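Reader: Hi! I'm new to this and would like a close look at one single part of a structure, rather than a tour of everything. Could you walk me through it slowly?

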Amino acid sequence: MSTTGATADPLAALGSLPGVADSVESVRKAVDRVYGHRIMRRRSNEITSEAALRGARGSAALSGADWALEEVRRRTDFSVDDEARVMGAALRLTAEAGQLLSIWRQSPLRVLARLHLVAAASDADEVGRPRRGDEPVDEPLIGLPLPDADEVSGRLEGLSQLIIAGSSAPALVTAAVVHGELLALRPFASHNGLIARAAERIVLIGSGLDPKSVCPAEVGHAELGRAAYLAAFDGYVSGTAEGMAAWIAHCGRAVELGARESTAVCEALQRGAA
């Protein structure tokens, strides 16, 4: 996404694209249904914890570790192989995201660096900073050419400025742009997909749309599938109005499915309490 030009608030401009207002309204209704559930008034902490677990599982699935939910619950060692390490990274990121809300609006680049540190769980030189020069990137899901380090630096700074300045755009639009931009840039040597989805989560929580983090978009992204995810992302990368609107709508549908998942959890808890 270009962050330059005559438009003072480019995120708000995206909110006026055809179909985006409908996606925003549909997401709001889905979120309201969860928050209005009677179980949320008494057991919201349980719903939040379950949403975090399911969100981590969904994000890891998109990054190649497609485990059953009960397997995630059962496992304690997340370092035995590549899939386990992906799952461990997703779980750590989900746990960390809620701790970074106060920093995000003042220093989003600092938050992104922290997310990479948490995901990588390593003290290697390339961890916790944007990649330099010709450093390789391990992100098999996204096959598009990598922007060079100078472009990454400039676009990250532009994204940071947009977040710090604030926007009148709906939370869904901002979250979708943050997610899409990080996927497009792949600014770190590894874990970029997981980080992009964690940043989307941070925006949705911090905006007040989903303050208790009970509508995990990662669940929806996984349910919609890799093919749909990549097709929608191609729309974002195209930069066209139609493509951007399609990506925002896809992210909106993912949030709706995450909300539906937590609504089902509420219903299950209610049946158990009856």
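Author: Sure, here is a walk around Trp247 and the helices it leads to.

One thing to keep in mind: this is a predicted model. Let's start from the inside. The largest nonpolar core has 81 residues, and Trp247 is among the four that touch the most other members, along with Trp104, Leu112 and Leu115.

So who does Trp247 touch? Setting aside residues up to four places away in sequence, the list is Ala176, His179, Gly180, Leu183, Tyr229, Ala232, Phe233 and Tyr236. Some of those are aromatic, and Trp247 forms one aromatic cluster with Tyr229, Phe233 and Tyr236.

Now look at where those partners sit. Helix 9 covers residues 171–185 and helix 12 covers residues 226–238. The two pack at an angle of about 90°, with their axes 10 Å apart, and they are therefore roughly perpendicular to each other. On the helix 9 side, the residues that meet helix 12 are Val177, His179, Gly180, Glu181, Leu183 and Ala184. On the helix 12 side, you'll recognise Tyr229, Phe233 and Tyr236. Sorted by class, this contact has 6 nonpolar, 2 polar and 1 charged residues.

Helix 9 has another neighbour too, namely helix 8 (residues 149–165). Here the angle is about 170° and the axes are 11 Å apart, so these two helices are roughly antiparallel to each other. Helix 8 brings Val152, Arg155, Leu156, Leu159 and Ile163 to the contact. Helix 9 answers with Val177, Val178, Glu181, Leu182, Ala184 and Leu185. This time the split is 9 nonpolar, no polar and 2 charged. Check the two lists for helix 9 and you'll find Val177, Glu181 and Ala184 in the one facing helix 12 and again in the one facing helix 8.

Next, let's move along to His250, which lies in helix 13 (residues 241–273). Is His250 buried or exposed? Its relative accessibility is 9%, and the cut-off for buried is under 20%, so His250 counts as buried. Beyond its neighbours within four places in sequence, His250 is in contact with His221, Leu224, Ala228, Tyr229 and Ala232. Tyr229 should ring a bell, being one of the residues that Trp247 touches, and Ala232 is on that list as well.

His221 takes us to helix 11 (residues 217–224), which is mostly covered, with 6 of its 8 residues buried. Those are Ala217, Glu218, Val219, Gly220, His221 and Ala222. Just after helix 11 comes Gly225, with a positive phi of about 95°.

One last stop is Gly193, in helix 10 (residues 192–206). At 0% relative accessibility, Gly193 counts as buried. Apart from neighbours within four places in sequence, Gly193 is in contact with Glu139 and Leu183, and Leu183 brings us back to where we began, as one of the residues touched by Trp247. If you want a sense of distance, Gly193 and Leu224 are 31 residues apart in sequence and 16 Å apart in space, C-alpha to C-alpha.

Note on methods: Residues are numbered from 1 along each chain as its sequence is written. This is a predicted model: local features need pLDDT of at least 70, side-chain atom pairs count only at pLDDT 80 or more; totals for chains, interfaces and linings use all residues. Side-chain values use heavy atoms; hydrogens and water are left out. A nonpolar core is a set of buried Ala, Val, Leu, Ile, Met, Phe, Trp, Tyr and Cys residues joined through side-chain atoms within 4.5 Å. Buried means under 20% relative accessible area, exposed over 50%, partly exposed in between (1.4 Å probe, protein chains only). Contact means heavy atoms within 4.5 Å. Axes are lines fitted to C-alpha atoms, for helices over the stretch in contact, and angles run from 0 to 180 degrees between N-to-C directions. Helices (H or I, at least four residues) and strands (E, at least two) are DSSP runs, numbered from the N terminus. Angles under 35 degrees count as roughly parallel, over 145 as roughly antiparallel, 65 to 115 as roughly perpendicular and the rest as oblique. Ala, Val, Leu, Ile, Met, Phe, Trp, Tyr, Cys and Pro count as nonpolar, Asp, Glu, Lys and Arg as charged, and the others, Gly among them, as polar. Rings of Phe, Tyr and Trp (its six-membered ring) pair if their centres lie within 6.5 Å; planes under 30 degrees apart count as stacked, over 60 as edge-to-face and the rest as tilted.
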